[in-house]
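Here is a short briefing for a first look. It covers a sheet and some charged pairs.

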Amino acid sequence: MNKYLNDFEKYLLYEKNFSMHTIKAYKSDVSTFLLWLNGENPIEITNKKFVEFLRFIQNIDYQKTTVARKIASIKSFYNYLYLKEKINYNPIDNVILPKRTKSLPKFLTTEEVENILRNTKIDSPSGYRNRLILELLWVTGMRVSELSSLNYENLNLENNEIRVCGKGNKERIVLIPDKTKEFLNNYLNNVKNLIYNTKIDAKSPIFINNTGYRLQNQSIRKAIKQVVDKIQLPKKVTPHVFRHSFATKMLEKGADLRIVQELLGHASIANTQIYTHVSMQRMQEVYSQAHPRA
């Protein structure tokens, strides 16, 4: 099954366009399941056998979100085996995922974002790069994997556009304001070659590390954490929190839900609608603080 696992990893990366973080989690979940089978051929398991596995992991006291992810991982693995004609049917196709506890996405206020940007020092080439990255996360709502995978061919700065390759290799256009475009142009023309001077072509990465290779997601997360720790912001801030903040602010400013859906690259508008709840929560907070009779 090692070959199947390795091929499954390639399938998630190249066909499903999952992030390396998600792929690692899926592969770990499937490996756990295969170990639990204790030598049984996974191609020959029945639905009944998988239900036994569900009882096993539910007794470990995992959170519902963890159980749901494990089921999704293994389902995806068997879907892959079915697509590659290794099995005649998916034995766990009709397993129902446990309902997840719904929670509103965490987001930053404009003041908090500006505080993070102000405290990201630009007195070094890598500092300038990091400041630009945070700016782009804030003004576009891109996923961190989408941003780190940007190449020169994705830029259409004359029209303030960036072409993004999202989940499932679906492409979309995000827009940037003039101020961000100037920041990006200065990075490309004057700063990037100070990080590492390398030959440029259409496939060259926009964001590189000090050895000239593409900057990885983890480096971006680390840069954010350093600034947040420095200013002692009492919130956990990740690249995805910037994405939530972008969506929330757009809706608060009156943007149409469909437009926000397009900018975020959501396949379903239901995924975007959660931000209307966030905006309503924010509206109630402002109402309580500002209304003369509240």
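Buried means under 20% relative accessible area, exposed means over 50%, and partly exposed lies in between, with a 1.4 Å probe and protein chains only. Helices (H or I, at least four residues) and strands (E, at least two) are DSSP runs, numbered from the N terminus. This is a predicted model, in which local features need pLDDT of at least 70, side-chain atom pairs count only at pLDDT 80 or more, and totals for chains, interfaces and linings use all residues. Residues are numbered from 1 along each chain as its sequence is written, and side-chain values use heavy atoms, with hydrogens and water left out.

**The sheet**

- Three strands form an open sheet in the order β1-β2-β3, with antiparallel pairing; two strands pair if DSSP finds at least two bridges between them.
- β1 (155–156) and β3 are the edge strands, each with a single partner strand, so one side of each has no neighbour in the sheet.
- Strand β2 (residues 161–165) and β3 run antiparallel and are joined by five bridges.
- Glutamate 161 has leucine 175 of β3 as its bridge partner.
- Valine 164 stands opposite arginine 172 in β3.
- The hairpin of β2 and β3 has five residues between the strands, and glycine 168 there takes a positive phi near 70°.

**The two faces of β3**

- In a regular strand the side chains alternate between the two faces of the sheet.
- Strand β3 (residues 171–175) shows this alternation: Arg172 and Val174 point to one face and are buried.
- Glu171, Ile173 and Leu175 point to the other face and are not buried.

**Salt bridges**

- The structure holds 15 salt bridges, each a side-chain nitrogen of Lys or Arg within 4 Å of a carboxyl oxygen of Asp or Glu.
- Arginine 172 pairs with glutamate 146, with the closest N and O atoms 2.8 Å apart.
- Because arginine 172 lies in strand β3 and glutamate 146 in helix α7 (residues 144–148), this pair ties together parts 26 residues apart in sequence.
- Both arginine 172 and glutamate 146 are buried.
- Lysine 203 pairs with glutamate 153, with the closest N and O atoms 3.0 Å apart.
- Lysine 203 lies in the loop between α8 (178–195) and α9 (217–231), and glutamate 153 in the loop between α7 and β1, so the pair ties together parts 50 residues apart in sequence.
- Lysine 203 is exposed at 56% relative accessible area, while glutamate 153 is partly exposed at 30% relative accessibility.
- Asp29, Arg69 and Lys70 are joined into one network by salt bridges that share partners.
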